[in-house]
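Hello,

Here is the structure I promised to pass on. My notes on what turned up in it follow just below.

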Amino acid sequence: MCITIAANIAETALLTFPACFPDSVVGFTAHREKSDVRFIEYLFRAFRDSVKRRAYGSVQENINLEVLRDLEFPIPSLSLQVQIANFLTLIDDRIALLRETNATLEAIAQALFKSWFVDFDPVRAKQQGQMPEGMDEATAALFPDSFEESELGVVPKGWKFGALSEICSVTIGGLWGKDVQSSGRKICKSCIDSRGLRPTMM
């Protein structure tokens, strides 16, 4: 296990290979007969804020080996450590799987959006007398079967470029892009409104 002792203090990681560390990282080897390294790593996660409060330095906060040696944690029996680590590892694995699934679904959604509304694949398919791929008839019927010229280039027939304000209404917001006074300091607050958005295709 390794832990950072400078800048981003108390960030931890478990390594499965030998490694050398710079001055800002410290490596640990757990006593197998006394501790489960996974449990120790979870302990550091849980007590990260407490470890950070022991940091010193004005430009960049640091902790040293003495600070680490003096740290006290509640340590249960080795068998209980293993049980706790196994349970938390299952949760971490589940979270990682869900994140991977979400990333895959996001990539699919982006690819689908690009295909439909940037490359206009459904329109091109219908233009060639084909059924758009991966689309039911009801959805395909929403897309035209030809293109036409616009001031900004070729677009699907019946579509146009316009401002977002033409199809949406502002429910909350305002023109807040101005300097305001706060506790004697001048703060610039920036924002956008519907008039500041670029034209989009409709």
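To begin with the fold as a whole: of the contacts in the chain with a separation of 6 or more, what percentage is between residues 24 or more positions apart? The figure is 49%, where contact means heavy atoms within 4.5 Å.

Before the details, please note that this is a predicted model, in which local features need pLDDT of at least 70 and side-chain atom pairs count only at pLDDT 80 or more, while totals for chains, interfaces and linings use all residues. Residues are numbered from 1 along each chain as its sequence is written, and side-chain values use heavy atoms, with hydrogens and water left out.

The chain has 202 residues, and 22% of them are buried (buried is under 20% relative accessible area, exposed over 50%, partly exposed in between, with a 1.4 Å probe and protein chains only). Its secondary structure comes to 6 helices and 9 strands; these are DSSP runs numbered from the N terminus, with helices (H or I) of at least four residues and strands (E) of at least two. About 14,900 Å² of the chain is exposed, 55% of it supplied by carbon and sulfur atoms (areas by the Shrake-Rupley method with a 1.4 Å probe; for residues, only the protein chains shown count as cover).

Now to the interior. The largest nonpolar core has 17 residues, and those touching the most other members are Ile3, Ile9, Ile40, Phe44, Val51, Ile63 and Leu68. By nonpolar core I mean a set of buried Ala, Val, Leu, Ile, Met, Phe, Trp, Tyr and Cys residues joined through side-chain atoms within 4.5 Å. Helices H1 (37-46) and H3 (65-70) each supply at least two residues of this core, and the largest share, 4 residues, comes from H1. Beyond its neighbours within four places in sequence, Ile63 contacts Thr4, Ile5, Ile9, Val51, Arg54, Ala55, Tyr56 and Leu68. A second, separate core holds 8 residues, among them Trp116, Phe120, Ala140 and Phe143.

Thr12 is worth a look too. This residue sits in strand E2 (residues 12-13) and counts as buried because its relative accessibility is 17%. The Thr12 side chain makes a polar contact of 2.5 Å with that of Glu41 (a pair of N or O atoms within 3.5 Å; within protein, one must be able to donate a hydrogen and the other to accept it, and residues adjacent in sequence count only if both atoms are side-chain atoms). Glu41 is also linked with Arg45 and Asp92 in a network of salt bridges.

On that subject, a salt bridge is a side-chain nitrogen of Lys or Arg within 4 Å of a carboxyl oxygen of Asp or Glu, and the count comes to 6. One of them joins Arg48 and Glu11 (4.0 Å, N to O). Arg48 lies in helix H2 (residues 48-52) and Glu11 in the loop between strand E1 (2-4) and E2, so this pair ties together parts 37 residues apart in sequence. Glu11 is partly exposed, at 35% relative accessibility. Asp119 and Lys114 also pair up, at 2.8 Å, N to O; Asp119 is partly exposed at 27%, and so is Lys114 at 44%. Lys160 bridges to Glu166, with the closest N and O atoms 4.0 Å apart.

Happy viewing, and do send me your thoughts!

Best wishes
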